[in-house]
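Student: Could you take me through one part of this structure closely? I am new to it and would like a connected account.

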Amino acid sequence: MRPKHIPSILNFTKALWQQAAAYWHSEEHAAVVVDGTVGNGHDTLFLAELVGKTGHVYGFDVQESGIANAQQRLEEAGVAAQATLFHAGHETVAEKLPEGITISGAMYNLGYLPGSDHAVITRAQTTIASLQALLPMLMANGIVTVHIYTGHEGGTAEGDAVKAWAATLPWKEFRVGRYDFPNKEFNKEHLLVIEKL
């Protein structure tokens, strides 16, 4: 049984992004966003559709199969021109993105690629390096969402490190929100939302 009134982390994340997109469109802002963990491209497609024809998505993933699946998904939806995918870790964001670029937002789903090798996971060191490199590129009121999964080996350690890092961001420059289910017994997950002021 699922709750009727409390959204899942996935649905809550999508609602935040749709709210951000409504703001971009009202301001006629050509949004540029980053998908830090492309996976099989579900979020990449969601973001490409959100930014529309005037925006762009830059996606990163270390697994070639994920990049290939995502590219196919984008092409089938007719939005491949709105995305650039890098077969590279998200810690390379500063060197891969165009110089001087301003980012409207970024999305990270930590953990492993579903249906793939569970030993290939995101790690705290590279995730935090990516976030640190990306925040200076983030526009005012830009958002970063980080979905933390703990149900795999290394997930809890990465999540704890990312949450501890986010807690150190200066209050006068950023707001950090958190959404989760404290009474979830297994495979706990958390959503961090960072907004730049």
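Tutor: What follows is a look at one strand, its partners and a helix that comes after it. This is a predicted model, in which local features need pLDDT of at least 70 and side-chain atom pairs count only at pLDDT 80 or more, while totals for chains, interfaces and linings use all residues. Residues are numbered from 1 along each chain as its sequence is written, and side-chain values use heavy atoms, with hydrogens and water left out.

Begin with strand β1, residues 32–35; strands (E, at least two residues) and helices (H or I, at least four) are DSSP runs, numbered from the N terminus. Val 32 and Val 34 point one way from β1, Val 33 and Asp 35 point the other way, and all are buried (under 20% relative accessible area, 1.4 Å probe, protein chains only).

Strands pair if DSSP finds at least two bridges between them. Four bridges join β1 to β2 (residues 56–61), and the two run parallel. Val 34 stands opposite Tyr 58 in β2. Between β1 and β2 the chain passes through helix α2 (residues 42–51), a right-handed β-α-β crossover: with the strands pointing away from the viewer, the path from the first strand over the helix to the second runs clockwise. β1 is also joined to β4 (residues 103–109) by three bridges, again in parallel, and there Ala 106 is the bridge partner of Val 34.

Helix α2 in turn meets helix α3 (residues 64–77). Among the contacts (heavy atoms within 4.5 Å), His 42, Thr 44, Leu 45, Ala 48 and Glu 49 in α2 meet Arg 73, Leu 74 and Ala 77 in α3.

Methods:
Buried < 20%, exposed > 50% of the residue type's maximum accessible area, 1.4 Å probe, protein only. Axes fitted to C-alpha atoms, helices over the stretch in contact; angles between N-to-C directions.
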